[in-house]
Each structure stands twice: as C-alpha cells, then as structure tokens.
Amino acid sequence: EEKKPGYMGIIPDFPEDGVKGVRIARVKVSGAAANAGLQEGDLMVQINKTPIADMGDFYRAMLNRQPDEVVEVEVLRDGERQRVNVTLQSRLQEGV
C-alpha cells in the first residue's frame with residue numbers, strides 16, 4: 001500500500017528580496033494550516049526547529065511527512081514570531 005504524504009494545505013511563495021523564509025501565499029480553507037491558525041502573508045522561518053531559509057528548505061522539511069503527523073511551524077507575523085502546531089492532512093481530505 002502506497003503511503004500518502006502529509007500536506008499542510010498552503011501555496012508557498014518566495015518572500016521579498018533579501019528576506020529568509022517562505023511566505024504563505026494562500027491558505028486552503030479548512031486545510032491543515034488554516035485549522036492551525038496560519039494566515040496568508042505569514043513568513044515561515046522554521047519547521048520542527050529546522051530553519052527555513054528558502055523554498056528548497058521548505059520542501060525538504062516536508063519530505064516524508066505523514067497525514068496526522070504534527071509539525072511545529074514558526075512564522076513571523078507583523079514582526080512577531082509565533083509557533084503553531086499543524087496536524088497534517090492527506091491531500092484527499094483537502095479536495096486537491
């Protein structure tokens with residue numbers, strides 16, 4: 001049986017020049033990120049205490065994650081760091 005990957009339910013984007021991190025361009029309604037309180041415009045800077053400097057870091061951090069796995073995501077929002085626990089979903093639950 002093929003293992004389904006865990007999804008966060010976001011569309012990641014590059015931040016403005018010179019900024020480290022991955023910007024959340026869109027949050028899928030009732031997806032894992034939305035349920036955890038992540039918002040469009042948040043800048044992800046860590047996943048499970050691993051620094052996220054760019055899109056490559058983000059994809060590596062999400063590799064081999066499973067549905068129902070909980071990941072700690074640290075974001076910058078309005079200049080303040082916030083940590084949230086995101087319970088990943090399977091893609092089917094998200095309708096994509």
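A salt bridge is counted here when a side-chain nitrogen of Lys or Arg lies within 4 Å of a carboxyl oxygen of Asp or Glu. The model is predicted, and a search of the whole structure finds eight salt bridges.

**Exercise 1.** Decide why Arg60 and Asp57 count as a salt bridge, and state how they are placed along helix H2.

*Solution.* The side chains of Arg60 and Asp57 come to 2.8 Å, taken from N to O. Because the cut-off is within 4 Å, the pair qualifies as a salt bridge. Both residues belong to helix H2 (residues 55-62), where they are three residues apart, which means that about one helical turn separates them. Arg60 itself is exposed, since its relative accessibility is 56% and exposed means over 50%.

**Exercise 2.** Classify each partner of the salt bridge between Glu16 and Arg23 as buried, partly exposed or exposed.

*Solution.* The closest N and O atoms of Glu16 and Arg23 are 3.0 Å apart. Glu16 has 46% relative accessibility and is therefore partly exposed, whereas Arg23, with a relative accessible area of 19%, is buried, the limit for buried being under 20%.

**Exercise 3.** Locate the two partners of the salt bridge between Lys49 and Glu72 in the chain.

*Solution.* In this salt bridge the closest N and O atoms are 3.1 Å apart. Lys49 sits in the loop between strand E3 (43-47) and strand E4 (50-51), while Glu72 is part of strand E5 (residues 70-77), so that the pair, 23 residues apart, links distant parts of the chain. Lys49 is exposed, at a relative accessible area of 54%.

Technical notes
Residues are numbered from 1 along each chain as its sequence is written. This is a predicted model: local features need pLDDT of at least 70, side-chain atom pairs count only at pLDDT 80 or more; totals for chains, interfaces and linings use all residues. Side-chain values use heavy atoms; hydrogens and water are left out. Buried means under 20% relative accessible area, exposed over 50%, partly exposed in between (1.4 Å probe, protein chains only). Helices (H or I, at least four residues) and strands (E, at least two) are DSSP runs, numbered from the N terminus.
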